[in-house]
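Trainee: Please take a close look at one part of this chain for me. Then connect that part to its surroundings.

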Amino acid sequence: MKLHINENRVLSHIEPEVYGHFSEHLGRCIYGGLYAGDNSDIANVNGMRKDVVDALKEIKVPVLRWPGGNFADEYHWMDGVGPKDKRKKMINTHWGGVIEDNSFGTHEYFELCKQLGCKTYVNGNVGSGNVREMSEWVEYMTFNGVSPMAELRKQNGHEEPWTLDYFGIGNENWGCGGNMTADYYGNKYRDFQTYVRIYDSNKPVKKVCCGPNGDDYKWTKEVMETCYRHPAPPQTHGFMDGFSVHYYVVVNTWENKGSAKEFSEEEYYRAVRKAYYMDDIITGNDHIMSQFDPEKKIAMLVDEWGCWHDVEEGTNPGFLYQQNSMRDAQVAGATLNIFNKHSDRVKMGCLAQIVNVLQSVILTEDDKMLLTPTYHVFHMYRFHQDADLLDSYLEGSKRVGQGEDECDGINESVSVDKDGIVTITLNNVDATNTTEVDIDFRRKEIEKVEGYVLSGTMTDYNTFENPDKVQEKSFDGFEFSGVDLKVKMPPCSCVTLRVSLKK
Ligand code: AHR
């Protein structure tokens with residue numbers, strides 16, 4: 001099998017946000033996962049878990065979406081500001097019916113993003129909120145002057161406004177966010193976004209419209225039609241900067257998703273085959289978006305993606321806690337390669353969810369923490385952030401899996417960074433066989449190669465007793481001469497190669 005790389009042909013730029021994450025008030029994502037609180041024995045900085053924040057900095061988290069998800073369309077931001085002992089306690093109706101004490105609110109979110117050094121993406125409430133509430137939240141977060149909300153922010157201890165990079169106008173409004181029709185939501189979008197004011201033109205808030213559930217192209221088309229029909233929306237910057245798309249890999253059915261830890265080879269290949277479907281979803285939605293926005297000014301944000309398995313036995317079913325195996329790593333590797341290849345349109349991806357929920361990069365148990373195989377994939381792919389996508393293609397790809405789950409055994413993407421170093425991320429999906437790949441650059445000869453690998457059996461995962469069973473290692477299974485590089489990929493592996501070319 002051959003991977004051709006044209007090092008002279010840049011196709012698009014890979015925004016760092018493609019490697020973004022999602023955090024919801026769900027289970028132990030915020031409480032216990034990211035946030036220890038003010039009076040915790042767990043080492044923390046202003047309430048944020050130090051171990052978790054330090055680990056997340058290593059994968060260069062570029063953006064963090066918050067507070068939901070479903071939770072966003074029931075969240076009333078005023079409940080989460082001001083003295084903590086006065087904040088309202090409420091029931092988290094979506095997720096486990098537990099008490100939400102609102103001790104993590106707007107100020108805490110911006111503190112977390114400051115510690116992570118990442119961009120901010122707040123999701124507003126359309127489902128059960130109103131225009132005024134949303135507008136006042138944006139004023140509270142971003143206005144630097146005399147106004148009721150700016151005064152309130154100052155009284156609550158934050159003199160300066162924060163930088164709000166992205167703002168979502170509702171979440172999954174076709175479902176949990178109000179069960180709206182596309183036309184109705186499209187009109188709501190036009191209305192609500194009007195009052196998301198840009199107070200500082202040097203720091204415009206990017207407005208995100210609620211896109212479809214995966215391949216629901218009807219929703220995409222109808223929302224776009226409503227948003228762009230007569231009277232035309234203002235053509236100035238900021239009517240619609242982003243369009244969100246959600247897609248989860250559910251191996252079997254929503255009723256019986258399948259175990260995160262015990263699964264057959266058939267279910268392994270099915271997961272990868274379903275991960276590859278992301279390519280169709282992006283292509284289909286991009287096609288419709290391009291009818292309204294041929295210059296691709298509106299970014300597609302895949303701001304919820306990942307594997308959704310049955311919850312871990314013995315845990316609260318509403319907490320969506322699941323283990324994370326080499327199968328999840330393969331899904332992550334394939335998905336991120338697809339995002340890179342579509343980086344002309346896809347400008348953000350948010351893995352669901354960052355800690356302790358669905359396909360997390362980190363799991364915690366009291367004061368213990370472990371890094372999942374998916375974490376290591378994000379670490380190995382960090383070189384793609386802010387790099388340029390290079391033209392590459394596989395010749396003679398081998399097929400794996402059976403019947404309708406048959407799929408490509410290898411997937412890849414290639415970028416070049418500001419220093420001219422080429423990053424190749426290559427995944428051998430084959431669960432049992434080593435695969436050899438010949439990589440061929442066009443003209444430039446290879447000077448130096450560094451490699452990293454994540455491999456194991458498809459069901460391998462890390463536990464608190466054995467946290468390093470699956471971990472990134474340095475890799476030397478390659479040889480090169482001239483423009484050719486030969487790689488021997490272990491079964492079920494993700495490989496990153498960093499290639500320096502002769503000038
Ligand atoms: O990530 C879990 C849930 O999945 C989110 O709350 C919702 O947006 C989606 O349905």
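Mentor: Start with Leu358, which sits in the loop between β13 and β14. Keep in mind that this model is predicted. Leu358 has a positive phi of about 50 degrees, although Leu358 is not a glycine. Most residues other than glycine have a negative phi. Is Leu358 buried or exposed? Its relative accessibility is 1%, so Leu358 counts as buried. The cut-off for buried is under 20%.

Asn356 belongs to the loop between β13 and β14 as well. Its phi is positive too, at about 65 degrees, and Asn356 is not a glycine either. Asn356 has a relative accessible area of 1% and is therefore buried.

Now look at Gln353, also placed in this loop, between β13 (346-352) and β14 (362-365). The peptide bond leading from Ala352 to Gln353 is cis, with omega near -10 degrees. Most peptide bonds are trans. Read the loop as a set: a cis bond into Gln353, a positive phi at Asn356 and a positive phi at Leu358.

For another cis bond, go to Trp66 and Pro67. The peptide bond joining them is cis, with omega about 5 degrees. Pro67 lies in the loop between β5 (63-66) and β6 (90-91).

Next, the sheet. It is open, has 10 strands and shows mixed pairing. The order runs β23-β22-β26-β20-β19-β16-β1-β21-β25-β24. Its edge strands are β23 (473-474) and β24 (478-481), each pairing on one side only. Helix α8 (residues 326-341) packs on this sheet. Helix α8 touches β16, β19 (410-416), β20 (422-428), β22 (446-455) and β26 (493-501). The direction of α8 makes about 50 degrees with that of β19.

Inside the sheet, follow β1 (residues 2-13) and β16 (residues 388-395). They run antiparallel and are joined by 8 bridges. One bridge to check: Leu3 has Leu394 in β16 as its partner. Strands of a sheet pair through backbone hydrogen bonds.

Finish with a helix pair. Helix α1 (residues 50-58) packs with helix α2 (residues 106-116) at an angle of about 50 degrees, and their axes are 9 Å apart. The two helices, α1 and α2, are therefore oblique to each other. From α1, Val53, Leu56 and Lys57 meet Leu112, Gln115 and Leu116 of α2. The residues of this contact divide into 4 nonpolar, 1 polar and 1 charged.

Definitions and conventions
Residues numbered from 1 in each chain as written. Predicted model: local features only at pLDDT ≥ 70, side-chain atom pairs only at ≥ 80, totals over all residues. Heavy atoms only, no water. Axes fitted to C-alpha atoms, helices over the stretch in contact; angles between N-to-C directions. Helix = DSSP H or I, 4+ residues; strand = E, 2+ residues; numbered from the N terminus. Parallel < 35°, antiparallel > 145°, perpendicular 65-115°, else oblique. Contact = heavy atoms within 4.5 Å. Nonpolar A, V, L, I, M, F, W, Y, C, P; charged D, E, K, R; others polar. Pairing = 2+ DSSP bridges. Buried < 20%, exposed > 50% of the residue type's maximum accessible area, 1.4 Å probe, protein only.
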